[in-house]
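User: Could you take a close look at one part of this structure for me? I'd like to hear about the ligand site and what surrounds it.

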Amino acid sequence: MIIGILGAGQLGRMLAMAGYPLGLHFRTLDLSSEAPAGPVSELIVADFNDTDALKRFARGLDLVTYEFESVPVDSARFLNRRVTVLPPPEALEVAQDRVSEKSFFERLGIPAPRFLAVNTWDDLKNALNEIGLPAVLKTRRFGYDGKGQFVLRKTEDVSVAWQSLSGVPLILESFVAFERELSILAVRSRPGETRFYPLVENHHQDGILRLSLCPAPGASSELQSEAEDYAKRALEALNYVGVLAIEFFQHEGHLLANEMAPRVHNSGHWTIEGAETSQFENHLRAILGLPLGSTATVGHSAMLNIIGTIPDSRKILSMPDTHLHLYGKAARPNRKLGHITIRAQSEEARGARLAELRSITEE
Ligand code: AMP
C-alpha cells in the first residue's frame, strides 16, 4: 500500500513514521526539497497547483491524504478523480475560509464567537457597530499561528489594523475573554466508527502553540461530552474520514468553537506516547477503513513545542519518561523545530516534571 500525503512537514513525517509498522509506504508532495518528511517518504518537489506533478504524484497510489489545510481545493479535487482523497476535499474548503468555517459551525448549532465578513471600510464600521469592541480582525484565509490578525481594543486600533490587513477578505469576530483554550481530536473511519481523545488544554505564546496538557486539568465529563457532541456533528455533516481537530475557547464554563483543522494536529502530538493509539496511527487506520485504536490516555502528558532554537538534547533525555522529537529543520526564529512529551503518573507529577523541563528549555 502506498499512501500519498500532500505536504511533507513534520505532520507528514509523523504520519509516515506511524504507518511503517502497519506495512505502509508513503509518497509526499511539497514545495521544499528540505521538507521534514523527505527522509521518510518518496518526496516529489513541486507546486501544489502543478497538474503534471499531481499526475506523477497520484500514479500508483492507493489513497491520498493531506497534512496542511492550505492545500488548494482544486488540486485535492483533481487528485480525487484519480485516487480517493481523505479527509474529503469539502472539509478543506470549509476550513480554509474563516467565514465558511464559522457559518458551518452556526449551521450545525456549534456555538462560536459572533462574526461578520468584512471587505470594505464601510463593512468594518458596520461590523464594529454590531459586534463592538474589543474585537478581532482576521484575514479569512491563510492565517496560521496568529498571523494575519489584530485585536482591536480601542478605536485607534481600527485604522492601524485596517491599513495592515485590508486588500484581502477579512472577518471581524467578537473578542472572547476566555478562561482557557482547549481542543478535541476526533477520528472517524470509512465505515463510520468514531472515537474521541480527551480534551487537551493549550497554551499559546506569540500566537504559536507552546504547550498542550492532556488530560486537561479539571475538565469535567460534561465538558468532554459537549466537545464530543460538537465534533460528532462536524464529522457527520462532512461524512468525514480521518482525524479532525477542533479548537475551542472555554468561556463561562462552556465551549465556543474557534476553528477546525481537517488533519492531524499539533495539540495531538502527545498521543504518540500519551495515548494507547497515536493520532497519526488512528488517522491512517481511519482512511484505510481499519478498526480504530483506543484513544485512552496513558498517564498524564504534557507536550512542549521546541520553537526557534533546539535546547540541550542531553539534558532533556536525562529526564525520565521524557520523549524528544526533532523534525530535522534548520533553526529559525518562531519555527517549530520539534517537541518534547513528558508523561507522568499524576497531574501533580506532570506539573513538577514540566517545571524541570522548562528550566532546561528556557535556560
Ligand atoms: P486563530 O488563528 O484563530 O487560532 O487565533 C490564534 C489565537 O488568537 C487563538 O489561539 C487565541 O489565543 C487568539 N484569538 C483568536 N480569536 C480570538 C477571539 N475571537 N477572541 C479572543 N482571542 C482570540
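Analyst: Here's a walk around the ligand, followed by a quick look at some aromatic pairs elsewhere. Keep in mind that this is a predicted model.

Let's start with the neighbours. There are 14 residues around the ligand, and those that come nearest are R98, K138, V176, E181 and E259. Sorted by class, the shell has 5 nonpolar, 4 polar and 5 charged residues. Three strands each supply at least two residues of that shell: strand 6 (135–139), strand 8 (170–174) and strand 14 (254–261).

Now for the polar contacts. The side chain of K138 puts an N or O atom 2.7 Å from an oxygen atom of the ligand. R98 also uses its side chain, with a polar atom 2.9 Å from a ligand oxygen. V176 works through its backbone: an N or O atom there sits 2.8 Å from a nitrogen atom of the ligand. As for cover, the ligand on its own has 470 Å² of accessible area, and the protein covers 90% of that.

On to the aromatics: the whole structure has 7 aromatic pairs. In one of them, F48 and F68 have ring centres 5.1 Å apart and planes at 55°, so this pair is tilted. F48 sits in the loop between strand 3 (42–45) and helix 2, while F68 is in the loop between strand 4 and helix 3, 20 residues apart. F48 is buried at 9% relative accessible area, whereas F68, at 24%, is partly exposed. Another pair, Y197 with W270, is edge-to-face, with 6.1 Å between centres and 85° between planes.

Terms used: Residues numbered from 1 in each chain as written. Predicted model: local features only at pLDDT ≥ 70, side-chain atom pairs only at ≥ 80, totals over all residues. Heavy atoms only, no water. Near = heavy atom within 4 Å. Polar contact = N/O pair within 3.5 Å; in protein donor to acceptor, adjacent residues only side chain to side chain. Areas by Shrake-Rupley, 256 points an atom, 1.4 Å probe, with all protein chains shown as cover. Helix = DSSP H or I, 4+ residues; strand = E, 2+ residues; numbered from the N terminus. Nonpolar A, V, L, I, M, F, W, Y, C, P; charged D, E, K, R; others polar. Phe/Tyr/Trp six-rings, centres within 6.5 Å; stacked < 30°, edge-to-face > 60°. Buried < 20%, exposed > 50% of the residue type's maximum accessible area, 1.4 Å probe, protein only.
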